[in-house]
Amino acid sequence: MKIHDQNKIRIKLQAYDHILLASSCNIILDTACRTKVKTKGPIALPSKRKIYCVLRSPHVDKDSREHFEIRSHVKIIDIYEPSSQIIDSLMKLNIPSGVDIEIKL
């Protein structure tokens, strides 16, 4: 049986801070290693850049502008053949705030 045919949990993590994202991935992978399930990842997806352009002065000097940038980093972790024990332990994890988690079965 191929790995792709098995049932799996896909965890998608999103954050603005890449260090926070990496620590969250390590927490999830440590939990998966303790319950001895097969994992794949973390797979880094391309980060999205959003640039905002703001006028420095509200009245004159339209040529004087300031640029701000927000980068959103995304990583995916796949857990193959999940048991009820791994699902319970994933629900009880203490993930830092600022990390958005999306879990698909």
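In which strand is the place of Ser72? Ser72 sits in strand E3, and I shall use that strand as our way into this structure. Please keep in mind throughout that we are looking at a predicted model.

Let me begin with the sheet. Four strands form an open sheet, ordered E2-E3-E1-E4, with antiparallel pairing. At the edges are strand E2, residues 38-55, and strand E4, residues 99-104, each of which pairs on one side only. From one strand to the next, the twist averages 15 degrees. As general background, strands of a sheet pair through backbone hydrogen bonds, either parallel or antiparallel.

Now to the individual pairings. Strand E1, residues 8-15, and strand E3, residues 65-80, are joined in the antiparallel sense over eight bridges. Two positions illustrate this register: Arg10 has Asp78 of E3 as its bridge partner, and Ile9 has Ile79 of E3 as its partner. E2 and E3 also pair in the antiparallel sense, over 14 bridges. Val54 stands opposite Glu66 in E3.

Let us return to Ser72. Is this residue buried or exposed? Ser72 has a relative accessibility of 14%, and because the limit for a buried residue is under 20%, Ser72 counts as buried. Leaving aside residues up to four places away in sequence, Ser72 touches Gln14, Ala15, Tyr16, Ser47 and Lys48.

I turn next to helix H1. Helix H1, residues 18-34, lies across E1, E2, E3 and E4, and runs at about 5 degrees to E3. Its length can be checked: at 1.5 Å a residue, the 17 residues of H1 should span 24 Å, and the end C-alpha atoms are 25 Å apart, which agrees.

Which residues of H1 are buried? They are Leu21, Ser24, Cys25, Ile28, Leu29, Thr31 and Ala32. These residues cover an arc of only 155 degrees around the axis, and therefore lie on the same side of H1. The general principle is that an α-helix has 3.6 residues a turn, so residues three or four places apart point the same way. The face of H1 turned away from the buried side carries the exposed residues Ile19, Cys33 and Arg34. The cover over the buried residues of H1 includes E1, E2, E3, E4 and helix H2, residues 84-91. Just after H1, Lys36 takes a positive phi of about 60 degrees.

This brings us to the nonpolar core. The largest such core has 16 residues, and those touching the most other members are Ile11, Leu13, Ile28, Ile77, Ile79, Leu90 and Val99. E1, H1, E3 and H2 are the elements that give two or more residues to this core. H1 supplies the largest share, five residues.

Two of these core residues deserve a closer look. Apart from residues up to four places away in sequence, Ile77 touches Ile9, Arg10, Ile11, Leu13, Cys25, Ile28, Leu29, Lys40 and Pro42. Leu90 lies in helix H2 and, at 13% relative accessibility, counts as buried. With the same exclusion along the sequence, Leu90 touches Ile11, Ile28 and Ile79. By contrast, the C-alpha atoms of Leu90 and Arg49 are separated by 30 Å, with the two residues 41 apart along the chain.

To close, the picture is of an open, antiparallel four-stranded sheet, with helix H1 lying across its strands and giving the largest share of the largest nonpolar core.

Terms used:
Residues are numbered from 1 along each chain as its sequence is written. This is a predicted model: local features need pLDDT of at least 70, side-chain atom pairs count only at pLDDT 80 or more; totals for chains, interfaces and linings use all residues. Side-chain values use heavy atoms; hydrogens and water are left out. Two strands pair if DSSP finds at least two bridges between them. Axes are lines fitted to C-alpha atoms, for helices over the stretch in contact, and angles run from 0 to 180 degrees between N-to-C directions. Contact means heavy atoms within 4.5 Å. The expected span of a helix is 1.5 Å times one less than its number of residues. Buried means under 20% relative accessible area, exposed over 50%, partly exposed in between (1.4 Å probe, protein chains only). The arc is that of the directions from the helix axis to the C-beta atoms. A nonpolar core is a set of buried Ala, Val, Leu, Ile, Met, Phe, Trp, Tyr and Cys residues joined through side-chain atoms within 4.5 Å.
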